[in-house]
Amino acid sequence: MDRITIDLVSDVVCPWCYLGKARLELAIAEVQDAVSVDINWRPYQLNPDYPPEGVDHQVELAKKLGGKDNMDRAHAHLKALGAEVGIAFDFEAIKLGPNTLDAHRLIHWAGQESREMQSRVVDALFKANFEEGRNIGDPAVLLYIATGAGLSRPVIESLLAGDADVNHVLSEVDAAKQMGVNGVPFFIFDQQYAVSGAQPPAELANALREIAKAKAEALRNLN
């Protein structure tokens with residue numbers, strides 16, 4: 001079975017990233033008999049300038065999108081797309097727009113445990129923000145998510161209290177920008193092929209099949 005590694009550049013306050021994650025999971029399920037996929041979550045910050053205490057999400061997003069009507073239309077569209085893949089977006093519940101630096105630190109620490117642990121933490125962060133309206137910039141919420149995923153509460157509490165891996169996360173965000181990533185989600189397959197945006201599951205499945213086919217052919221040529 002061919003194995004493909006996907007570096008998925010994402011921010012946990014990006015609704016298209018949540019949608020892209022769900023669509024990717026459907027694509028992986030479609031090709032699972034032929035292709036094995038490993039996902040590494042890479043950080044990106046849509047709002048790096050937000051203060052640690054966060055901002056009024058509804059006000060700031062309306063400004064960014066050119067008014068409340070535009071925001072409401074965008075949310076209605078995303079709700080419909082989310083419903084297709086099992087996401088229950090509740091945009092009205094999101095009161096605070098967080099700075100996601102600490103959330104990305106938590107994702108990094110989870111990844112040091114295992115890809116499965118990282119996946120659980122990413123799942124919980126997206127769900128907490130988009131379906132439960134919880135403040136994922138709040139250390140207490142991050143601790144709750146970490147322990148729920150199976151990470152050590154004392155370890156994560158200690159790490160969050162300091163600045164461990166802040167520079168690592170910021171350097172990865174910067175590296176993504178240097179590569180030309182200016183929007184997320186951004187999928188990098190085997191560090192060679194890039195796909196931008198929350199593509200439909202069929203397109204992602206086709207990409208996985210084509211990359212697996214190309215790898216198999218390259219292997220045959222070597223032999």
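Where is the place of glutamine 191? Glutamine 191 sits in the loop between strand 5 and strand 6, and point 5 below comes back to that loop. Here are my notes on this predicted model, in the order I would go through the structure on screen.

1. Overall build. The chain holds 9 helices and 6 strands. Its radius of gyration is 18 Å, close to the 17 Å that the globule rule gives for 223 residues, so the chain is as compact as a globular protein of that length. Along the principal axes, the C-alpha trace spans about 60 × 45 × 30 Å. If you look at contacts between residues at least 6 apart in sequence, 77% of them join residues at least 24 apart.

2. Surface and charge. Of the 223 residues, 46% are buried. The accessible surface comes to about 11100 Å², and carbon and sulfur atoms account for 50% of that. As for charge, the chain carries 21 positive and 32 negative charges. The mean positions of these two sets are 2 Å apart.

3. The nonpolar core. The largest nonpolar core has 59 residues. Which of them touch the most other members? They are Ile6, Leu106, Val121, Leu125 and Phe189. Leucine 106 is a good one to select in your viewer: leaving out residues up to four places away in sequence, it touches Val121, Leu142, Ile145, Ala146, Leu151 and Ile156. Val121 thus turns up both in the list of core residues with the most contacts to other members and among the contacts of leucine 106.

4. Two polar residues under cover. Aspartate 38 belongs to strand 2, residues 35–43. Is aspartate 38 buried or exposed? Its relative accessible area is 15%, which is under the 20% limit, so aspartate 38 counts as buried. Beyond four places in sequence, aspartate 38 touches Arg3, Ile4, Thr5, Ile6 and Arg115. Glutamine 118 lies in helix 5, residues 115–130, and at 6% relative accessibility it is buried. With residues up to four places away set aside, glutamine 118 touches Ile39, Asn40 and Trp41, along with Ile107, Ala110 and Gly111. Strand 2 covers residues 35–43, and the contacts of glutamine 118 at Ile39, Asn40 and Trp41 are worth viewing together with it.

5. Backbone geometry around strand 5. Most residues other than glycine have a negative phi, and most peptide bonds are trans. Against that background, three places deserve your attention. Valine 184 and proline 185 are joined by a cis peptide bond, with omega about 5°. Proline 185 lies in the loop between helix 8 (166–178) and strand 5 (186–189). Aspartate 190 is not a glycine, yet has a positive phi of about 50°, and glutamine 191, also not a glycine, has a positive phi of about 60°. Aspartate 190 is in the loop between strand 5 and strand 6 (193–196), and that loop is the place of glutamine 191 as well. How do their surroundings compare: which is buried and which is exposed? Aspartate 190 counts as buried at 17% relative accessibility, whereas glutamine 191 is exposed at 68%.

6. Glycine 54 and its partners. Glycine 54 is in the loop between strand 2 and strand 3 (55–56). Its relative accessible area is 12%, so glycine 54 counts as buried. Although glycine 54 and leucine 96 are 42 residues apart along the chain, their C-alpha atoms are separated by 6.0 Å. Apart from neighbours within four places in sequence, glycine 54 is in contact with Leu96, Gly97 and Pro98.

7. Alanine 62. This residue is part of helix 2, residues 57–64, and is buried at 13% relative accessibility. Neighbours within four places aside, alanine 62 is in contact with Gly67, Lys68 and Met71. Aspartate 72, which is 10 residues away in sequence, has its C-alpha 8.7 Å from that of alanine 62.

8. Proline 154. Finally, a residue on the outside: proline 154 is exposed, at 58% relative accessibility. Proline 154 belongs to helix 7, residues 153–161. Its C-alpha and that of leucine 143, 11 residues apart along the chain, are separated by 9.2 Å.

Key:
Residues are numbered from 1 along each chain as its sequence is written. This is a predicted model: local features need pLDDT of at least 70, side-chain atom pairs count only at pLDDT 80 or more; totals for chains, interfaces and linings use all residues. Side-chain values use heavy atoms; hydrogens and water are left out. A nonpolar core is a set of buried Ala, Val, Leu, Ile, Met, Phe, Trp, Tyr and Cys residues joined through side-chain atoms within 4.5 Å. Buried means under 20% relative accessible area, exposed over 50%, partly exposed in between (1.4 Å probe, protein chains only). Contact means heavy atoms within 4.5 Å. Helices (H or I, at least four residues) and strands (E, at least two) are DSSP runs, numbered from the N terminus. The radius of gyration is taken over C-alpha atoms; the globule rule is 2.2 Å times the number of residues to the power 0.38. Accessible areas come from the Shrake-Rupley method with a 1.4 Å probe; for residues, only the protein chains shown count as cover. Lys and Arg count as positive and Asp and Glu as negative; His and the chain ends are not counted. The place of a charge is taken as NZ of Lys, CZ of Arg, CG of Asp or CD of Glu.
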